[in-house]
Amino acid sequence: MKVMKFGGTSVGTPQRMKEVTNLVTKSGEPVFVVLSAMSGTTNSLVEISDYLYKKNPDGANEVINKLEQKYLRHIEELYSTDETRTATRDFLREEFQFLRSFTKELFTSFEEKSIVAQGEMLSTNMVVNYMKEQGIKAVLLNALDFMRTDKNAEPDPVYIKEKLHAIMEQNPDQQVYITQGFICRNAYGEIDNLQRGGSDYTASLIGAALNAEEIQIWTDIDGMHNNDPRVVDKTQPVHQLHFEEAAELAYFGAKILHPTCVQPAKYAGIPVRLLNTMDPDAEGTTISNATEYGKIKAVAAKDNIIAIKIKSSRMLLATGFLRKVFEIFESYQTPIDMVCTSEVGVSMSIDNSAHLGEIVDELKKYGTVTVDTGMCVICVVGDLDWSNIGFETRVMDAMKDIPVRMISYGGSNYNISFLIREEDKKRALQSLSDNLFK
């Protein structure tokens, strides 16, 4: 069985929902479908929550009414029988009455998560009703019945596998199994969400639980490109990536995929394909545990980086210096992107400035601190094992005219990274494309 995930733009209109149905049923084989909320819906639900936090129920009701009218219009476009229209209209009436009920109660983050979860509830019910109207054997499985996180807010794979298999056994011989992406319950039974990676994470967890043949992530772009198409002209899709290559690209700027969401698939050895609903015949990108040797695959960039350098003569031969430095970042829950060390100093980059002032104050206990803002990390990904003589030289040659603040190489077999000024990003990306891919 294949798992197919469709994002918000892929189910963003009634016509798109019909196209998704055609894609899902094209092979005639049983499939498991994960759907996001219709594009724009989650933003509206967050806006409703914001009004309720501010104790403005009139503002919340205005957004609810507008959203309800949008969905009621979709009913007329999507369905062809009065029976399905009536059933879906009744469902929508209950859903929006549920949203209105929050305007009369005390509002906290728990209620917000319940509200935000309704976007996926709306899209999945509308699509499954359309499929049934078309005579397709489809069943909607509520993600809240099997998708759960543990006390550390991490997915609970054993629970997910046991519950999902039991639910599917109760619904045999279906052509399409549909569920909501993103939403789950936490260890205490409350409605929550998977946060990182959202619906992609759901698809990956389900694929691992079912030992799926393949996990397909359908979006509005034909896979991962070898450079940022918003900055560089004539980029090309990368047809094959190792899971670690994909994670590096995702972490350093490729927005099509979240770096953690494919981990369950990686550990289960299940390939992930990134495909385009607007161009279903495009090859897309396949991510697996296979490595294409001797190839540099792609480049990505991450903006809004801050470089911090701490210099200390006391660091020389000082046991525990790096531990003390890293513990400061850990205490403020600030991840480090890049690290470079010398005998008398260490430089690091971060992408979260929320606690920058406190971090710098703490670091000053151990040495002289310098901070550079407005920086950018350029990440080059491919088979960059140190035994591939000359590969790093090719990358360095492409960067020869760009001022480089830091270089990170050797921490991974798949990545070499440069810290540069944001104003040099476009030149750097273009030069890397010209030298590595043309």
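**Glu214**

I started with the side chain of Glu214 and found a polar contact with the side chain of Gln216, at 2.8 Å. I am working from a predicted model. I placed Glu214 next: strand 7, which spans residues 214-219.

Is Glu214 buried or exposed? I read a relative accessible area of 12%. Buried means under 20%, so Glu214 counts as buried.

I then listed what Glu214 touches, leaving out residues up to four places away in sequence. Met1, Lys2 and Val3 came up, and so did Ile270, Pro271 and Arg273. I checked Met1 separately. Met1 and Glu214 are 213 residues apart along the chain, yet their C-alpha atoms are separated by 7.5 Å.

**The six-strand sheet**

I moved on to a sheet of six strands. I traced the order as 12-13-11-14-16-15 and noted that the sheet is open. The pairing is antiparallel. Which strands stand at the edges? I found strand 12 (338-341) on one edge and strand 15 (406-409) on the other. Each has a single partner strand, so one side of each is left without a neighbour in the sheet. I also looked up the twist: neighbouring strands are turned by 25° against each other on average, direction ignored.

A reminder to myself: strands of a sheet pair through backbone hydrogen bonds, either parallel or antiparallel.

I looked at the edge pair with strand 15. Four bridges join strand 15 to strand 16, residues 415-421, and the two run antiparallel. I picked out one facing pair: Met406 stands opposite Leu419 in strand 16.

**Helix 14**

What does helix 14 lie across? I followed residues 425-436 and found helix 14 across strand 11 (296-311), strand 14 (368-382) and strand 16. I noted an angle of about 25° between helix 14 and strand 14.

**Whole chain**

I finished with the overall figures. I counted 14 helices and 16 strands in the protein chain. The C-alpha atoms fill a box of roughly 75 × 50 × 40 Å along the principal axes.

How does the radius of gyration compare with that of a compact globule? For 438 residues, a compact globule would have a value near 22 Å. I have 24 Å for the protein chain, which agrees.

I noted that 53% of the 438 residues count as buried. The chain exposes about 20300 Å², and carbon and sulfur atoms supply 47% of that area.

Last, I checked contacts between residues at least 6 apart in sequence; 74% of them join residues at least 24 apart. The Glu214 to Met1 contact spans 213 residues along the chain.

Methods
Residues are numbered from 1 along each chain as its sequence is written. This is a predicted model: local features need pLDDT of at least 70, side-chain atom pairs count only at pLDDT 80 or more; totals for chains, interfaces and linings use all residues. Side-chain values use heavy atoms; hydrogens and water are left out. Buried means under 20% relative accessible area, exposed over 50%, partly exposed in between (1.4 Å probe, protein chains only). Contact means heavy atoms within 4.5 Å. A polar contact is a pair of N or O atoms within 3.5 Å; within protein, one must be able to donate a hydrogen and the other to accept it, and residues adjacent in sequence count only if both atoms are side-chain atoms. Two strands pair if DSSP finds at least two bridges between them. Axes are lines fitted to C-alpha atoms, for helices over the stretch in contact, and angles run from 0 to 180 degrees between N-to-C directions. The radius of gyration is taken over C-alpha atoms; the globule rule is 2.2 Å times the number of residues to the power 0.38. Accessible areas come from the Shrake-Rupley method with a 1.4 Å probe; for residues, only the protein chains shown count as cover.
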